[in-house]
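Student: I am new to this structure and would be grateful for a close look at a single part of it. Please take a pair of packed helices and explain how they meet, and then turn to what surrounds them.

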Amino acid sequence: MKKSRLILGLDIGGTSINAGLLKDGKLIEKKVIPTPSHAPQEVILTTIAEFIASYFSYDIEGIGIGIPGLIDSKNGIVYNLENIPAFTKVALKKYLEEKLNKPVFINNDANCFALGEYKFGSASKHNHVVGITLGTGIGTGIITNNSLYTGFICGAGEWGGVPYMDSNFENYCGSKFFSTFHESSAKDLAEKAAKGDAKALEIFKEYGMHLGNLIKYILFTYAPEAVVIGGSISKAYAYFSESMYETVNTFPYKSISDHLEIFTSTVEDSAIMGATALVEENIVPEVNIVK
């Protein structure tokens, strides 16, 4: 009888660390702990290592980690995390492998989101996919020719910093759009929109236009077949999708835009699932050779 592979995936954010164990294509033993984001580096590293070790009653094959920011994925070095100030240059892979004696693979969290959607979700039927996470900021992961494209130190797809309007896409497609320009939150406005509030619906219409412009930039750059949207703001998709599509439909190359599929995430815990895929892509399973 073939033994199931057990792979641990972590999604490390500024607020929480989420983890789950992949077994037969599903996550089991999901756990979450708060991130000691403003603690000294050693405290954060110890917290992560102890959290991983809490799974060691299982025979884990490897550990995949998604974390925001710039990542040297080959060497597992994390650079300048905005939400975790002590992580300016951290050899996270080396630290964890020496501490835990397990192989560790690390990538940007938005890349893990895209990889999770591509490996386990509706995006799997496409060769070229872009995943967009909409939350406090925006993150983008790119699948091209069936492979994750990251650029140098996972710097590809950092669309939040691209100039747009009087600022950048981060301020118009992330939560800052609602707090800065409308003194509210996407969650509160979604609750009002659900009740038919005209002002809230108008704000989401405006938001959809900005997101549509972001997608047009992405079409010019990567020409994906599918765009997958996730993150907390995606829960309000019904209120901004129409204006988003109206804007995308102004893209000049109809042979690209007419072929494009846009949909919201279909994978629960897609960033964790994508983190487990990092392990599966880097560790070749044992094969029994019949002589």
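**Two helices and their surroundings**

Tutor: In this predicted model, helix α7, residues 198-222, packs against helix α8, residues 237-248, at an angle of about 40°, and their axes are 7 Å apart. Angles under 35 degrees would count as roughly parallel, and the range from 65 to 115 as roughly perpendicular; α7 is therefore oblique to α8. The crossing in which α7 passes α8 is right-handed.

The residues that make this contact can be named on each side. From α7 come L201, F204, K205, Y207, G208, M209, L211, G212, N213, I215, K216 and L219. Their counterparts in α8 are Y239, F240, S243, M244, T247 and V248. By character, the residues of this contact divide into 11 nonpolar, five polar and two charged.

Two of the residues just named, Y207 and F240, also take part in aromatic pairs. A pair of aromatic rings is described by the distance of the centres and the angle of the planes. The count of aromatic pairs comes to 17. In one of them, the ring centres of F177 and Y207 are 5.6 Å apart and the planes stand at 45°, so this pair is tilted. The pair links distant parts of the chain, since F177 belongs to helix α5, residues 176-182, while Y207 belongs to helix α7, with their positions 30 residues apart in sequence. Both F177 and Y207 are buried.

A further aromatic pair joins Y237 and F240, with 5.5 Å from centre to centre and 85° between the planes, an edge-to-face arrangement. Here both partners lie in helix α8, three residues apart, which is about one turn of the helix. Y237 and F240 are likewise buried.

For another view of the model, consider G131, which has its place in strand β9, residues 129-134. G131 counts as buried because its relative accessibility is 2%, and the limit for that class is under 20%. Setting aside residues up to four places away in sequence, G131 touches F113, A114, G139, T140, G141 and V228. G131 also illustrates how positions far apart in sequence can meet in space: I229 is 98 residues away along the sequence, yet the C-alpha to C-alpha distance between G131 and I229 is 5.9 Å.

Methods. Residues numbered from 1 in each chain as written. Predicted model: local features only at pLDDT ≥ 70, side-chain atom pairs only at ≥ 80, totals over all residues. Heavy atoms only, no water. Axes fitted to C-alpha atoms, helices over the stretch in contact; angles between N-to-C directions. Helix = DSSP H or I, 4+ residues; strand = E, 2+ residues; numbered from the N terminus. Parallel < 35°, antiparallel > 145°, perpendicular 65-115°, else oblique. Left-handed = near helix turned anticlockwise from the far one by under 90°. Contact = heavy atoms within 4.5 Å. Nonpolar A, V, L, I, M, F, W, Y, C, P; charged D, E, K, R; others polar. Buried < 20%, exposed > 50% of the residue type's maximum accessible area, 1.4 Å probe, protein only. Phe/Tyr/Trp six-rings, centres within 6.5 Å; stacked < 30°, edge-to-face > 60°.
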